[in-house]
Structures are given as C-alpha cells and as structure tokens.
Amino acid sequence: MGAGIDWDAAPPAGYRRNAKGNLIAEANVTATDREMDQVVRKIHDFGAALSAQMWRFRLHTLEDIATFLERVRERYNARLGGRKGNVQITSFDGRLRVVLAQAEHVAVGPEIDSARALVEECLDEWTKRSNVNLQALVREAFRPDAEGNLSVAQLLRLRRVAIDDPRWREAQRAIADALRPTSRSEYVRLYARPNPAEKWLQVPLHLATVRQPPDAGGDAAAEVARRRVDAALEEARAAGVAPADLIEAMRPAWDRARRAAARARREAKATDRAEGAA
C-alpha cells in the first residue's frame, strides 16, 4: 500500500495524503479528521523531543556513573558495586539516591521438555506420598502464560527443591541447561526522601507513573488551563472570528482558568500546612 510514494515529501498545496497514499483535497477532509491530525502531530512533536531528551539523560547518567566508579577505583584500588554490576550511590545528606541495576534476560530452551517429562514421571510415581505444595509448584512452573512462555522465576524456584531421586536430579540439570542468558539491560532508578528518617520514594521516569512534582503548586493547573485557552483561541481564529468577539467569548474561559489556578494553589498550601502540623 502506497509503494513508491515519498511519504516524507510535502503534498501539493491544498491537498493531504491519506493512509492509502492518495491525495485528498483539503475541502474534502472533514473537520474532525483535520483536528485529529493536528492533535496527533502536536503530541508526537512533544513526545519525540521528550524521548530524545530521555535518551540523552540515560546516556549522560551512565557516563557519569562510569566516570565516578573509575575515579574511585583509581583512588582506592577498589571496586564499587555488586557482583552483577549493580551500583547504588547516595548524596552526602542522605536524601537522594541513584541506582544502576543490571538485569539479565533469560530464554527457555528445548531441554525444558525433557525436564517436564522427568518431573511428571516422578510425580506420577509419588502421587500418594508427594507433597501437595510440591505438586502445585510443579504445575505453576510448567504452566505457559498467554504468549506460551514459561516463567523463569517459577523454574528457578523448582530448581531449588532438593529431592533424592536420580530422575529428579536429571530434571534439575535439564532445567539448568534450558535456562540460557540472552542479553543484559541496564536500568537507572532515582530515589528521594524529605529527610534521612523517611522512606525512599522512587522518582517516576515512566510516562504511566509520572506525577506532578510536590513543589509545582498551582502552576501545573494554570499551565493546563492556559493550553486549553490557547487551543480554543487558535480554533476560533481559524474559523474567522473577529478579535473583539473572540476576547468577549473567551472571557468566561479566562475566568475559569484563573479560578482553577487559585484553587490549586490554595489546596497546595493547605496540604503543606497539614504536613507541617503532622
């Protein structure tokens, strides 16, 4: 579909290209499609810039940690971090922490079929005397998920069960051979706390868990309101509304925006007072 089309090239003036690659006159594009296109492109512009910024943050963070660890090694001829490369560094006042965690990705190989057969053979023979919890553990270990994959964590739990039976030991060896490291990932996690007596709270870097900073007050609400007003203004201008009429029409929205920002600031101050009293 759309083979041979230069999708990056701008279409001729007065036309838009649809998903099939066809040129559609602007007059034939519905207002909803135009608005949807505008919203999607606006979000993507911000998202692409944010993604690039997060990549630079990750790159600089890993470089900063590596440089610091190298200086420590040279200074003391010692190595910071755990056996797997995990590193935890904390600010002097004990309120900020950076954690570099190494995660190993493991795949399950075909040897697991032999392990399953040996384990089931053992359970069939031990049915009357085998522990119910062991049976449940075995069933959970070899139960595939929705995508047909076995849980590496459950298989490792099964490997820790010691039973004096040559078939069980052979099954354990088959499980060990089936678990193959495929790659490693590095995760940067940031933690903060108000003072050293409080619990650590993770600073969210994932879009689904990001939250308003505690010191933002009503500024965030004001920014949301401002953006809504700007969007309405842009839409009205595009529709040819006269400036005087536009100002009059937008006055209620501006009033609502100011009230929302003021309410958010009052709530933030009330929360601060309540926390201070506690």
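Biologist: At what angle do H4 and H5 pack, and how far apart are their axes?
Modeller: This is a predicted model, and in it H4 and H5 pack at an angle of about 145°, with 10 Å between their axes. The crossing is left-handed.

Biologist: Which residues make that contact?
Modeller: From H4 you have Leu155, Leu158 and Arg159, and from H5 there are Trp168, Gln172, Ile175 and Ala176.

Biologist: Sticking with H4, which of its residues are buried?
Modeller: H4 covers residues 152-159, and its buried residues are Gln154, Leu155 and Leu158. They sit on the same side of H4, because the arc they cover around the axis is only 100°.

Biologist: Any general reason why residues three or four places apart point the same way?
Modeller: An α-helix has 3.6 residues a turn, so residues at that spacing point the same way.

Biologist: A glutamine in that list caught my eye. Why does Gln154 count as buried?
Modeller: Gln154 has a relative accessibility of 16%, and the cut-off for buried is under 20%.

Biologist: And what does Gln154 touch?
Modeller: Leaving out residues up to four places away in sequence, Gln154 touches Leu137, Glu140 and Ala141.

Biologist: Let's talk cores. How many residues are in the largest nonpolar one?
Modeller: That core has 21 residues. Those with the most contacts inside it are Ile112, Val138, Phe142, Leu155, Leu158 and Trp168.

Biologist: Which elements give two or more residues to this core?
Modeller: Those are helix H2 (111-126), helix H3 (132-141), H4 and H5. H2 provides the largest share, with 7 residues.

Biologist: Take Ile112, then. What is it in contact with?
Modeller: If you set aside neighbours within four places in sequence, Ile112 is in contact with Phe142, Leu150, Leu155, Ile175 and Ala178. Another core, of 7 residues, lies apart from the largest one, and it includes Ile65, Leu69, Val87 and Val188.

Biologist: Back to H5 for a second. Is Ala171 buried or exposed?
Modeller: Ala171, which is in helix H5, is buried, with a relative accessible area of 0%. Not counting residues up to four places away in sequence, Ala171 touches Ala115, Leu118 and Val119.

Biologist: How far is Ala171 from Cys122?
Modeller: In sequence they are 49 residues apart, and in space Ala171 and Cys122 are 9.7 Å apart, C-alpha to C-alpha.

Biologist: New topic: the sheet. What's the strand order?
Modeller: The open sheet has 4 strands in the order S3-S4-S5-S6, with antiparallel pairing. The edge strands are S3 (87-90) and S6 (201-203), each of which pairs on one side only. From one strand to the next, the twist averages 35°.

Biologist: How does H5 sit against it, and which strands does it touch?
Modeller: Helix H5, residues 166-178, packs on the sheet and touches S4 and S5. The direction of H5 makes about 65° with that of S5.

Biologist: How many bridges join S4 to S5?
Modeller: There are 13 bridges between S4 (residues 96-108) and S5 (residues 179-192), and the two strands run antiparallel. As examples of facing pairs, Val99 stands opposite Arg189, and Val108 stands opposite Leu179.

Biologist: What about S3 and S4?
Modeller: S3 and S4 pair over 4 bridges, also in the antiparallel sense. Val99 turns up again here, as the bridge partner of Gln88. The two strands form a hairpin with 5 residues between them, and Gly94 in the turn has a positive phi of about 75°.

Biologist: And at the other edge, how many bridges join S5 to S6?
Modeller: S5 and S6 run antiparallel and are joined by 3 bridges. Ala192 has Leu201 of S6 as its bridge partner.

Biologist: Zooming out, how many helices and strands does the chain have?
Modeller: The chain has 7 helices and 6 strands. Starting from the N terminus, the elements run β-β-α-β-β-α-α-α-α-β-β-α-α.

Biologist: What percentage of the chain is buried?
Modeller: Of the 278 residues in the chain, 21% are buried.

Biologist: Last one: among contacts between residues at least 6 apart in sequence, what share joins residues at least 24 apart?
Modeller: That share is 52% for this chain.

Terms used: Residues are numbered from 1 along each chain as its sequence is written. This is a predicted model: local features need pLDDT of at least 70, side-chain atom pairs count only at pLDDT 80 or more; totals for chains, interfaces and linings use all residues. Side-chain values use heavy atoms; hydrogens and water are left out. Buried means under 20% relative accessible area, exposed over 50%, partly exposed in between (1.4 Å probe, protein chains only). The arc is that of the directions from the helix axis to the C-beta atoms. Two strands pair if DSSP finds at least two bridges between them. Axes are lines fitted to C-alpha atoms, for helices over the stretch in contact, and angles run from 0 to 180 degrees between N-to-C directions. Contact means heavy atoms within 4.5 Å. A nonpolar core is a set of buried Ala, Val, Leu, Ile, Met, Phe, Trp, Tyr and Cys residues joined through side-chain atoms within 4.5 Å. A crossing is left-handed if the near helix is turned anticlockwise from the far one by less than a right angle, and right-handed if clockwise.
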